[in-house]
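Student: Please choose one part of this model and take me through it closely, residue by residue where that helps. I would then like to see how that part sits within the whole, with each cut-off stated when it is needed.

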There are 2 protein chains.
Amino acid sequence: MTTTRGRIDKRQAILDSAFTVFARDGYRQASVDTVAATAGVAKHTIYNHFGDKESLFRAAVAALADDALARNLAAVEALRPDREPAEVLTEVGRKLAECYCDEKSWALRRLLYAEFASMPELQDIVRDRATDKVNDALADRLARLALAGQLRITDPAVAAEQFGALLTAPLETRSRLGTRKLGAAELDEVTGNAVRTFLRAFGSEQVV
Amino acid sequence: MTTTRGRIDKRQAILDSAFTVFARDGYRQASVDTVAATAGVAKHTIYNHFGDKESLFRAAVAALADDALARNLAAVEALRPDREPAEVLTEVGRKLAECYCDEKSWALRRLLYAEFASMPELQDIVRDRATDKVNDALADRLARLALAGQLRITDPAVAAEQFGALLTAPLETRSRLGTRKLGAAELDEVTGNAVRTFLRAFGSEQVV
DNA sequence: CTCCTTGTGCACTGGCTAGTGCATTTTATC
DNA sequence: GATAAAATGCACTAGCCAGTGCACAAGGAG
């Protein structure tokens with residue numbers, strides 16, 4: 001009774017297609033029939049697994065949030081006090097920038113923004129599963145850098161908040177909410193600006 | 001033929017109601033009948049003025065963008081090199097924070113995020129009418145401060161971008177995308193954090 | 001007084017879609 | 001091969017809503 005007869009395969013296929021279709025058409029626009037067709041599955045199968053359209057949507061969003069969390073945490077992991085702070089921060093910032101600009105991330109944010117008014121739980125799902133954890137992890141790492149004497153930080157949470165802000169807000173504007181693909185050069189520029197300002201504010205060495 | 005027989009009054013009433021209803025229900029959810037009922041107007045009148053639902057929506061968004069622009073510019077105006085930079089930046093930052101957290105601003109952003117995928121012009125409307133102009137104005141003012149020797153800025157545009165980032169990104173997170181009302185204390189805190197970091201990075205005096 | 005613009009009220013079409021019911025088929029497990 | 005869970009195909013209901021058509025009312029302009 002451990003295997004459930006291809007149930008998981010179908011379930012995953014449905015979740016994948018659901019996100020694809022929802023991301024492309026928007027939650028309201030997307031029809032369950034389209035999701036079913038895309039997943040190569042009967043509509044009934046979807047209702048068997050998820051009950052109704054809204055639950056399907058929540059499940060798809062949750063799955064994407066988990067995915068985004070994993071990628072963001074991997075980026076933060078690289079933040080270790082074993083090299084020049086500028087170098088490490090640039091590397092991590094650049095990775096975070098890539099995560100932020102990923103097409104799936106943008107789709108997730110769009111769906112979240114569009115629907116959290118009618119489904120408030122959505123925001124909690126994403127926050128609990130991804131945003132908060134990434135911020136915490138970043139704050140932890142920055143605290144270590146501070147302890148190693150590489151940064152002058154009083155509140156690691158605020159520092160993490162601001163490092164994120166310096167990265168994401170410019171990316172949001174410059175990529176036109178994800179509709180314009182940013183080249184490597186522009187990603188480097190934004191990352192560079194963010195790290196430079198961050199270090200001018202929090203670096204332990206005086207910057208000219 | 002100058003007066004258009006109460007046309008303008010109706011038009012304005014429709015635009016106001018349209019934004020209210022769209023903001024509350026979302027573009028797709030909102031029905032034109034509801035807008036008409038809220039405005040105290042026949043459905044036909046709406047179609048006479050705006051042609052179809054989408055045009056009505058665009059017009060409502062544009063009107064709100066104009067509104068937001070005016071309020072944001074007023075805030076930036078206060079940025080003059082006649083007092084302590086910390087003091088002036090705090091005042092302006094605080095005003096910008098209030099603009100950003102205004103209920104109408106949040107509604108506008110939500111609608112924009114929700115619909116720009118299917119109506120790409122929306123983003124241009126808002127950018128041309130509001131975002132760009134505010135950023136430019138802010139950059140201009142920061143440049144003046146730099147010229148007055150109160151800031152060490154190389155690129156005013158980047159400085160404006162980052163000042164905005166340090167304000168808006170934390171506000172976005174902390175207010176849960178506008179669903180949680182921030183108290184004065186928290187607005188002060190975010191503004192204070194932003195100004196402190198900004199001045200540590202760009203202030204002309206050394207900060208301890 | 002008359003005309004013409006503007007607005008009203010109501011009924012209606014046409015299109016779309018969530019969710020269901022049912023008979024049938026696949027498929028994993030024993 | 002028997003069995004039961006899982007999946008399929010198709011038809012169908014019921015609801016929602018943008019946009020239209022038509023007859024009619026109001027009210028300022030000439």
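Tutor: Arg176(A) lies in the loop between helix 8 (156–174) and helix 9 (184–202) of chain A, where helices are DSSP runs of H or I with at least four residues, strands are runs of E with at least two, and the numbering starts from the N terminus. Residues are numbered from 1 along each chain as its sequence is written, while chains are lettered from A and ligands numbered from 1 in the order in which they are written. The model is predicted, so that local features need pLDDT of at least 70 and side-chain atom pairs count only at pLDDT 80 or more, whereas totals for chains, interfaces and linings use all residues.

The phi of Arg176(A) is near 55 degrees, which is positive although the residue is not a glycine. Most residues other than glycine have a negative phi. With 15 other C-beta atoms within 10 Å, Arg176(A) is partly exposed; on this scale a residue is buried with 20 or more such neighbours within 10 Å, exposed with 12 or fewer, and partly exposed in between, the C-beta atoms being placed from the backbone. In the other chain, Arg176(B) has a positive phi of about 55 degrees, lies in the loop between helix 8 (156–174) and helix 9 (184–202) of chain B, and is partly exposed with 15 other C-beta atoms within 10 Å.

Two pairs of C-alpha atoms help to place this region of chain A. Glu186(A), in helix 9, is 12 residues from Arg174(A) along the chain, and their C-alpha atoms are separated by 8.8 Å. Glu186(A) is itself partly exposed, having 17 other C-beta atoms within 10 Å. Leu177(A) and Trp106(A) are 71 residues apart in sequence, yet 7.6 Å apart from C-alpha to C-alpha. Trp106(A) belongs to helix 6 and counts as partly exposed, with 18 C-beta neighbours inside 10 Å.

Helix 6 (residues 103–115) has 13 residues and reaches 18 Å from its first C-alpha to its last, close to the 18 Å expected at 1.5 Å a residue, the expected span being 1.5 Å times one less than the number of residues. Its buried residues include Ser105(A), Leu108(A), Arg110(A) and Leu111(A). Leu111(A) is one of the residues that Phe22(A) touches, along with Tyr27(A), Ala30(A), Phe57(A) and Ala60(A), when residues up to four places away in sequence are not counted; contact here requires C-beta atoms, placed from the backbone, within 7 Å. Of the 127 residues in the largest nonpolar core, Phe22(A) and Phe22(B) touch the most other members, a core being a set of buried Ala, Val, Leu, Ile, Met, Phe, Trp, Tyr and Cys residues joined through C-beta atoms within 7 Å.

On the other side of the loop, helix 9 of chain A has 19 residues and spans 26 Å between its end C-alpha atoms, close to the 27 Å expected. Among its buried residues are Leu187(A), Val190(A), Asn193(A), Arg196(A), Phe198(A) and Phe202(A). What covers the buried residues of this helix includes helix 5 (85–101) and helix 8 of chain A, together with helix 8 and helix 9 of chain B.

That cover leads to the interface, to which chain A and chain B give 26 residues each. On the side of chain A that touches chain B, helix 6, helix 8 and helix 9 are the elements giving two or more residues, and helix 8 supplies the largest share, nine residues. The residues of this side divide into 12 nonpolar (Ala, Val, Leu, Ile, Met, Phe, Trp, Tyr, Cys and Pro), nine polar (the others, Gly among them) and five charged (Asp, Glu, Lys and Arg). A turn of 180 degrees, with a shift of 0.0 Å along the axis, lays chain A on chain B with an RMSD of 0.0 Å, superposed by least squares on C-alpha atoms of residues with pLDDT of at least 70 in both. That is the relation of a two-fold axis, and the same surface serves both copies, with 100% of the contact residues of chain A recurring in chain B.

As a whole, chain A has nine helices and zero strands, and 40% of its 208 residues count as buried. Its mean pLDDT, the predictor's confidence in each residue from 0 to 100, is 94, and 95% of its residues reach 70 or more. Over residues 1–5 of chain A, however, the pLDDT is below 50, and this stretch has zero contacts in the model beyond near neighbours in sequence. Where pLDDT is low, the predicted coordinates should not be read in detail.

Notes:
Contact = placed C-beta atoms within 7 Å.
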